[in-house]
Amino acid sequence: MKDKSFDYNIYLEDIHTTGRIGLSLGLLMLLAAPFLFALVSGAHFNLQGLWPALVKVLIIYIPSSIVEFLIYVPMLGPGACYLAFITGNITNLKIPCAFSARDIAKSEIGTPEDEIISTLSVATSSLITMLVIFLGVLLLIPLTPVLENPVMKPAFDNLLPALFGALSMQYFKKNVKLAVFPLAFMVVLCVLIPSMITQTSTLLIANGAIAIGLAYLMFKKNWL
Amino acid sequence: MHPYAFAGILPCIIRRIQMQTYLAKANAPLLYLIVGVILLFVAGLCVVFMIKSYRAGIKLGMSKQVLKRAITSSATFTVLPSVSILLGVIALSGSLGIPMSWLRLSVIGNLQYEATVAQIAAENMGKKLDSAILSMNDLVTIMLVMTIGISLGCLLSITVLKKYSHALQHKPAASTSTKKTKSFSSFAMVAMFIGLCATFLGSYIAQAIVYKHMLPVYTAIISAIAMGIFEYLATQKGFTVLENFSLAGSMILGMAGAILISL
């Protein structure tokens, strides 16, 4: 039975306050982590490499972060969003998980019930992920000598080819026409100027812009 | 032993010592403690949100059964994808150490972001994600780039989420032009990822053509084939559970292929 003294707007205010304070502290701790790692291990930041890397990463991820924020907030609601943005794995885990919980609870989109189910779902999902990874790390520690074995080295050296091979299959399948030009452009450029092979961080900004430009043209012409 | 043979072995031995020293430092117990404290805080925040929303649900008149079902279904839904994220931790730990991989994949971001940004940061220091080359200076720099690069979602939540969600509550129905822009934004996201994949894949193909360095391209092919098989089994044969493992599973198979080819 509904508690008549309950005010949903007061609940939302409380969620915003807790979310803002919690995320501020969490973000500060996360930003402090590299400095603590440096302090503990006696390491120093490579400032010459830091700034150009940061500029490139921000050029790529600022637009996508803004788009994701604008899309995810209406999808998840405020409570779930505060947690989703600090715990990550949003597209691949938190959104499908919250949607599945809403389906099971049969809550209607945009209602207070929906907001509560989403928050419960994302909070549970985040805790389970942290727990599974924690248990995995406990098991992983005794395996450290195996992971450090030189036989394993080619595997870890080829982490990115493995990642982008799998992702290419996933994304190129969505639109082969769109993939042909950026891939051909990259191969031809790197074959003609081999020094470009080690400049992927710069080229991916150019190639991303080419792909988005092409997508826009194809979208306008209804080719997508 | 011929002196030239010794001269060839010596750099290998030094590289191996450097590698062990770096990984030993990257896996230092104190780093686990730092990560543990941060994760405990984030877990505490999740518990606070859970309690608040559960109590609000009860006060709203929702049944305890529905709320408990939302919790149990979310928990069971999450287990398999979490194992997949754990495989990502294993994959990253070979070059970045376990504590950093544990932190980066437990909170903010995802495997794809972390691996890409780590590569960008390493490349800008004239390095690559190779434990024999990296130093602790590189590791902390990579970590800082990764953290700052993904912070915008959190910053936007702290600063504008309240106003934005208020605005959404009173939002009028979307016009046709917004719908059109919205639909292009989904294409733009796919296009951006296609550009990202094409850049890396193109560089591996070029490496194979120019330097006959075939291992990256073979690894990419193996994981692409594995992804194709996972997707086929999930979408055509009804093994939907495999969707949770397709990315991490394909990567692990690709990386296992790299070991076998190198033997």
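What follows is a walk through the fold of chain A, its contacts with chain B, and a few local details in this predicted model.

Chain A is built from helices: ten of them, with zero strands. Read from start to end, the pattern is simply α-α-α-α-α-α-α-α-α-α. The chain splits into three domains, with domain 1 covering 7-45, domain 2 covering 47-147 and domain 3 covering 158-220. The C-alpha centres of domain 2 and domain 3 of chain A sit 26 Å apart. In overall dimensions, the C-alpha atoms of chain A take up a box of roughly 75 × 55 × 30 Å along the principal axes. The radius of gyration of chain A is 22 Å, whereas a compact globule of 224 residues would come out near 17 Å. Of the 224 residues in chain A, 47% are buried. Among contacts in chain A with a separation of 6 or more, 60% join residues 24 or more positions apart.

The two chains share plenty of contacts: 138 residues of chain A meet 142 residues of chain B. On the chain A side, helix 1 (residues 8-41) gives the largest share, 23 residues. Sorted by class, that side of chain A has 92 nonpolar, 36 polar and ten charged residues.

Now for the core. The largest nonpolar core has 151 residues, and the members touching the most others are L159(A), A166(A), A211(A), L139(B), I194(B) and C197(B). Helix 8 of chain B (residues 176-211) supplies the largest share of this core, 13 residues. I194(B) is a good place to look in detail. Leaving aside neighbours within four places in sequence, I194(B) contacts Y171(A), F172(A), N175(A), L178(A), A179(A), P182(A) and A211(A).

A second spot to zoom in on is the stretch of chain B around helix 4. Helix 3 of chain B (residues 64-96) comes before it in the numbering and has a kink of about 35° at V79(B), shortly before the proline P81(B). After helix 3 of chain B comes G97(B), with a positive phi near 85°. Helix 4 of chain B (residues 98-106) includes I98(B), and nine of the nine residues in helix 4 are buried. Among them are W102(B) and R104(B). I98(B) counts as buried because 25 other C-beta atoms lie within 10 Å, against a cut-off of 20 or more. With residues up to four places away in sequence left out, I98(B) touches V137(A), L140(A), I141(A) and T144(A) in chain A, plus N27(B) and S93(B) in chain B. The C-alpha atom of I98(B) is also 7.4 Å from that of A26(B), although the two are 72 residues apart along the chain. Just after helix 4 of chain B, I108(B) has a positive phi of about 35°.

Back in chain A, two loop residues stand out for their backbone angles. Most residues other than glycine have a negative phi. N89(A), not a glycine, nonetheless has a positive phi of about 50°, and it lies in the loop between helix 3 (78-87) and helix 4 (90-105) of chain A. K106(A), also not a glycine, has a positive phi of about 55° and belongs to the loop between helix 4 and helix 5 (112-140) of chain A. What about their surroundings? N89(A) is buried, because it has 27 C-beta neighbours inside 10 Å. K106(A) has 9 C-beta neighbours inside 10 Å, so it counts as exposed.

Note on methods:
Residues are numbered from 1 along each chain as its sequence is written. Chains are lettered from A and ligands numbered from 1 in the order in which they are written. This is a predicted model: local features need pLDDT of at least 70, side-chain atom pairs count only at pLDDT 80 or more; totals for chains, interfaces and linings use all residues. Domain bounds come from an automatic or database domain assignment. A nonpolar core is a set of buried Ala, Val, Leu, Ile, Met, Phe, Trp, Tyr and Cys residues joined through C-beta atoms within 7 Å. A residue is buried if 20 or more other C-beta atoms lie within 10 Å of its own, exposed if 12 or fewer, and partly exposed in between; C-beta atoms are placed from the backbone. Helices (H or I, at least four residues) and strands (E, at least two) are DSSP runs, numbered from the N terminus. Two residues are in contact if their C-beta atoms, placed from the backbone, lie within 7 Å. Ala, Val, Leu, Ile, Met, Phe, Trp, Tyr, Cys and Pro count as nonpolar, Asp, Glu, Lys and Arg as charged, and the others, Gly among them, as polar. The bend at a residue is the angle between axes fitted to the seven residues ending there and the seven starting there. The radius of gyration is taken over C-alpha atoms; the globule rule is 2.2 Å times the number of residues to the power 0.38.
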